[in-house]
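Subject: Structure handover

Hello,

Here is the structure I promised you. Please open it and keep it on screen while you read my notes below.

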Amino acid sequence: MSESDTSTGHEPAQHEPVKGHDVYRSGFVAVVGRPNVGKSTLMNALVGTQIAIASSRPETTRKAIRGIVTTDNAQLVLVDTPGIHRPRTLLGQRLNDVVEESLADVDEIAFLLPADQEIGPGDKRILSRLRSQFAKKRDDGSFAWKIPLIAIVTKIDELNRQELIEKLIQVNEFADFTDIVPVSALEHDNVSEVRDVLIENMPEGPQMYPAEQLTEEKPESTIAELVRWAFLEELDDELPHSLAVVVDSIEYPDPDDPESDGKAHVLVSIYVERDSQKPIIIGHKAEHLVKVRKKLRTPVNRIVGQKAKLDLHVKVAKDWQSDPKKLERLGF
């Protein structure tokens with residue numbers, strides 16, 4: 001991905017009306033699925049720009065990021081939940097709590113199931129959790145859903161036509177879904193169909209956000225997530241899972257100050273759990289910091305609305321994933 005390419009490359013029209021609808025629909029969609037099923041990739045494709053980290057590493061998403069899709073007759077607020085999983089640390093438990101909060105008040109659920117993997121225990125655990133919260137058991141043992149449950153079969157570019165048909169039959173037998181939509185967000189295949197189905201199943205409601213707003217995240221949160229994504233991309237397997245990023249401040253230049261370089265200064269702290277992890281992040285002659293700065297130059301300029309300088313500082317917060325006070329300070 002080049003430093004200027006923060007979009008998906010194929011941006012869906014934000015104001016294209018969905019055929020056959022003259023009422024305005026709006027609401028919240030919880031995007032759920034086990035870790036690494038393509039939640040962030042799909043959200044970025046629907047919104048038309050990168051708002052969530054998409055990485056092949058599981059458990060990359062740590063927040064319920066809200067992306068906003070606006071058309072002429074609808075507004076979808078997508079809540080990207082951290083992958084539901086069995087927690088191993090206090091951080092893991094907090095991530096599961098985030099999922100609970102994300103699900104508390106939604107109008108619709110998009111349940112992502114990857115085409116290239118079997119339906120497994122993780123999917124069954126999510127289904128049973130959704131049933132306990134959003135379904136009523138009928139006398140015949142089947143479930144009546146209180147809100148629409150849409151199955152989105154991701155990564156369909158991995159299968160041939162026959163394999164895809166077999167997969168869709170499996171998904172249909174797995175649960176009583178309101179609708180099933182296959183998609184390849186990476187190839188941008190069928191993304192607009194996903195958007196249309198989500199809109200069709202949304203209740204009538206007013207526009208909640210300005211049409212041009214794409215996310216509910218503050219600039220600080222978006223930049224922090226981008227910095228973490230850039231290190232994930234740069235370091236891949238070497239990266240400690242225990243990396244946390246906080247934007248301490250964004251200082252805008254004073255136009256009356258002759259000493260000013262005219263740039264916004266974005267001060268970023270990058271936390272690891274052990275001293276031995278610092279050199280991994282920094283790299284030989286600070287090469288990793290330099291590459292991350294270069295990769296994020298254009299997106300950060302775009303987020304702060306002017307030329308910006310990224311000041312990256314690597315710090316140690318010992319065992320932060322299991323320390324309630326440190327977790328709080330790092331925004332969890």
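Please start with helix H8. Bear in mind that this is a predicted model.

**Helix H8**

What do the buried residues of H8 pack against? They meet two helices, H6 (219–235) and H7 (278–282). They also meet three strands: S9 (244–251), S10 (264–272) and S11 (308–316).

The buried residues themselves are His288, Leu289, Val292, Leu296, Pro299, Val300, Asn301 and Val304.

Now check the length of H8. The helix covers residues 287–304, which is 18 residues. At 1.5 Å a residue, the expected span is 26 Å. The C-alpha atoms at its ends lie 25 Å apart, which agrees.

Where is the kink in H8? Look at Arg297. The bend there is about 50°, and the proline Pro299 follows shortly after. Pro299 is also one of the buried residues.

After H8 comes Gly305. The phi of Gly305 is positive, near 80°.

**The sheet under H8**

Three strands form an open sheet in the order S9-S10-S11, and the pairing is mixed. S9 and S11 are the edge strands, each pairing on one side only. On average, neighbouring strands are turned by 20° against each other, direction ignored.

S10 and S11 run parallel and are joined by nine bridges. For one pair to look up, take Tyr271: its bridge partner in S11 is Lys315.

Two helices to view here are H6 and H8. H6 packs on the sheet and touches S9, S10 and S11. The direction of H6 makes about 135° with that of S9. H8 also packs on the sheet, touching S9, S10 and S11. Its direction makes about 130° with that of S11.

**Strand S7**

Next, go to S7, residues 149–154. Is this strand mostly covered or open? It is mostly covered, with six of its six residues buried. Leu149, Ala151 and Val153 are buried on one side. Ile150, Ile152 and Thr154 are buried on the other.

S7 pairs with strand S4 (residues 108–114) in the parallel sense, over six bridges. There, Leu113 stands opposite Val153.

S7 also pairs with strand S8 (residues 179–182), again in the parallel sense, over four bridges. Ile150 has Asp179 in S8 as its bridge partner. Between S7 and S8 the chain passes through helix H4 (residues 161–174). This β-α-β crossover is right-handed.

Best wishes

Terms used
Residues numbered from 1 in each chain as written. Predicted model: local features only at pLDDT ≥ 70, side-chain atom pairs only at ≥ 80, totals over all residues. Heavy atoms only, no water. Expected span 1.5 Å × (residues − 1). Bend = angle between axes of the 7 residues up to and from the residue. Buried < 20%, exposed > 50% of the residue type's maximum accessible area, 1.4 Å probe, protein only. Contact = heavy atoms within 4.5 Å. Pairing = 2+ DSSP bridges. Right-handed = clockwise from strand over helix to strand, strands pointing away. Axes fitted to C-alpha atoms, helices over the stretch in contact; angles between N-to-C directions.
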